[in-house]
Amino acid sequence: MRSCAASLSAPRVALTAAACAFSALLVVVGCSDGPSTDAPDASTGSPSNSSNTDDDAPGTAAIVVSDPSGPLAERGAPVTFTVRLASQPSAPVTIALSVSDTTEATLSHADLTFTEASWSAAQTVTLSSVDDWQADGAQPVRVVFDSPASEDPEYAALAAPADLELSNVDDDVGGGYQIRTTHMGDAPLYVAHSYYHAMITDLDDRANNQLPADFQWRVVPGLANPDDPTLVSFESVGLGGRYLHVDSVNSTRYPPQNETPNRAGGLWQTPSSERSHLLWIDVFTDTTTFRRDATFRIVPALNGDPTMVSLQWYSDATRHLRHLNYQIHAHVLDGTAIESSEASFALEPLGYSISQRADPHIKRHTDGYYYFTASVPTYDRIEIRRATTIRGLADAPPKVVWTKHATGPMAAHIWAPELHFIDGKWYIYFAAGSSTDIWAIRMYALESSSGNPMDGTWIERGQIVTESDTFALDATTFEHDGKRYLVWAQEDPGVEGDNSSLFIAAMVNPWTLARPNVRIARPEHAWETAGFAVNEGAAVLERNGRVFISYSASATDDRYCLGLLTASVTDDLLSARSWTKNEDPVFVSANGLYGPGHNSFTTSADGSLDVLVYHARNYKKITGDPLYDPNRHTRVQRLEWNADGTPNFGVPLLNGANTIGD
């Protein structure tokens, strides 16, 4: 997982560039030339405390700006900060402020005024993220202050406080969405294109030549006014350059007559009064009319469901998109519950099951449940969720089963948990740093005797001790020929410049390794050393007379990828000579999905399909250290097999979840 760790023999700072973007920011602008008491801490390069102690002489004019309350994120909580004066002015002081990009964030105040009576009372300013529905990565946001305006000569002479620098963390999907309607009967229906008109049907309506690719839409800035973040247009992923478009002009074009048998209950039953407002999928034309008719305003769902939205037509704000007779219309609604429900839609990201979960591990157990755990973006706890289907994991409530320690080992960087059932008990393997050195990453184990790993008590079995006390993480375990093994990633002290190599050892018990610890792979190819020299995140699969170990390589940005090791089931798995490495990566960025890696394997419910589980981002550009970018989403897709019995990983698929059946 941790290609960002750099060479572990080199000094490190505790905060990366990305973390620093959200770290405490405190500005004091005054007339004193004395030293500040919030000098950077030598070990972190960041302020050593979260409040600034005023060291100016009494009566010295200064403007004090507090820390932001937290990170700024789309659909996240608003960020607040306070502003106050350090001394009483002789006249009112007004400070104007603004935000650098109003398409990313808005401020609650345009200016702040402090009087002779209120000068010491801190005024709170709220910075709210703008949710723009665009997969644009973390965008820089600055709060800009003007110089104070006042008849007080000391305050009038002050320079403007320094800008507050933040990043608006994105939560959107670049690959595309499915547009789900409210349920009709027992199954959800989705917006698709058919014969260039829009309709609703189930995801795999092969009887009507409807395939999953027909349900894929990119949410793009509204063609009529791309600067308004509440406006969107929908471009077909499969038919680029075609957009969902209300035909407000031509009310007589219909699909070919040969579609009539398949759509007997649909288009041909559309009231004639509504045919001029049907939704089509049309080739973009650079006209004002087309732009307006292909643009929609996202508004709260008319059915009151907070997980859904409604789409108001840009050309006529009295009309909303509504499904009727399996067609989509720009319709004037009567306010009834039925029509409000039919005008509400959910935008569901393509191809991933769980948002903002990196290093995913899915295990299907004998009790019929799939169990899921992964790294959470805050790296502070371990969660488990379960469901009877892989798709069901997306909505399954997570249960926190363990939280990091306040101090000492296991107090930082809680990474890459895996859940395994061994000899009638559950075990979680994970990596963690220390409060005194967050990069002192080591492997640890938890144990639970409960039949359901989400219940019961977890016992800390302590550190998994290896032969070298160096950076170690990403433990996974498997049983072969009656013996249990552990595979993990670790810095090899005998190799200069490598961040981590792959090791294997037999196990005395689920938390104790036997000797020797054998290195079976190290980063050596260009695709394994891009950014950082890394082999990590192993996953084991035994099929067709061979044992396969997939692993992740290079930096955790778009260069992150999967490699593959292979051994025969008859080989000595504790011999490095038994393992053959593929010369090329087996799974790389494609289709608008970047940095696919840290995978695991599971199967379909009936065991007939092997399923690849991995994480990837939906955009390439990352602000700051990719380790602290939260938008690595869990994705699943079918794992295919070559004729020679080796796995065929293929490429990351936008609609990967549709290939597994459940």
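Among contacts (heavy atoms within 4.5 Å) between residues at least 6 apart in sequence, 59% join residues at least 24 apart. The model is predicted, so to speak with its own fine print: local features need pLDDT of at least 70, side-chain atom pairs count only at pLDDT 80 or more, and totals for chains, interfaces and linings use all residues. Residues are numbered from 1 along each chain as its sequence is written, and side-chain values use heavy atoms, with hydrogens and water left out. The chain holds four helices and 45 strands, taken as DSSP runs numbered from the N terminus (H or I over at least four residues for helices, E over at least two for strands). Of its 662 residues, 54% count as buried, where buried means under 20% relative accessible area, exposed over 50% and partly exposed in between, with a 1.4 Å probe and protein chains only. About 26100 Å² of the chain is exposed, and carbon and sulfur atoms supply 50% of that; the areas come from the Shrake-Rupley method with a 1.4 Å probe, and for residues only the protein chains shown count as cover.

On to the strands. Strands pair if DSSP finds at least two bridges between them. Strand S5 (residues 93-99) runs antiparallel to S7, with four bridges joining them, and Ala-96 stands opposite Asp-111 in S7. In a regular strand the side chains alternate between the two faces of the sheet. S7 (residues 111-114) has Leu-112 and Phe-114 on its covered face, with Asp-111 and Thr-113 on the uncovered one.

Further along, four strands make an open antiparallel sheet in the order S29-S30-S31-S32. Its edges are S29 (409-422) and S32 (459-463), each pairing on one side only. From one strand to the next the twist averages 25°, based on axes that are lines fitted to C-alpha atoms (for helices, over the stretch in contact), with angles running from 0 to 180 degrees between N-to-C directions. S29 and S30 (residues 425-434) are joined by eight bridges, and Trp-415 sits opposite Ala-431 in S30.

Another open antiparallel sheet of four strands follows the order S38-S39-S40-S41, with S38 and S41 (580-581) as the edge strands, each paired on one side only. S38 and S39 (residues 546-553) share seven antiparallel bridges, and Asn-535 stands opposite Ala-553 in S39.

Asn-535 also turns up among the contacts of Leu-502, a residue of strand S35 (residues 501-509). Leu-502 is buried, with a relative accessible area of 0%. Leaving aside residues up to four places away in sequence, Leu-502 touches several others, including Trp-488, Val-518, Ile-520, Tyr-551 and Leu-565. The C-alpha atoms of Leu-502 and Ile-520 are 5.8 Å apart, although 18 residues separate the two along the chain.

As for empty space, the second largest pocket holds about 620 Å³. Of the 24 residues lining that pocket, the closest to its centre are Lys-363, His-420, Val-540, Leu-541 and Phe-601. At least two lining residues each come from S25 (358-364), S29, S33 (472-480), S38 (535-543) and S42 (594-603). There are also four cavities of 30 Å³ or more; the largest cavity, at about 70 Å³, has a lining that includes Gln-356, Arg-357, Tyr-379, Tyr-628 and Asp-629. Both terms rest on a 1 Å grid over the protein atoms alone: a cavity is a set of points where a 1.4 Å probe fits but cannot get out, a pocket is an open set with protein on both sides within 12 Å along at least five of seven lines, and lining residues have an atom within 4 Å of a point. Grid points are joined across faces, edges and corners, and a volume is the space filled by probe spheres set on the points.
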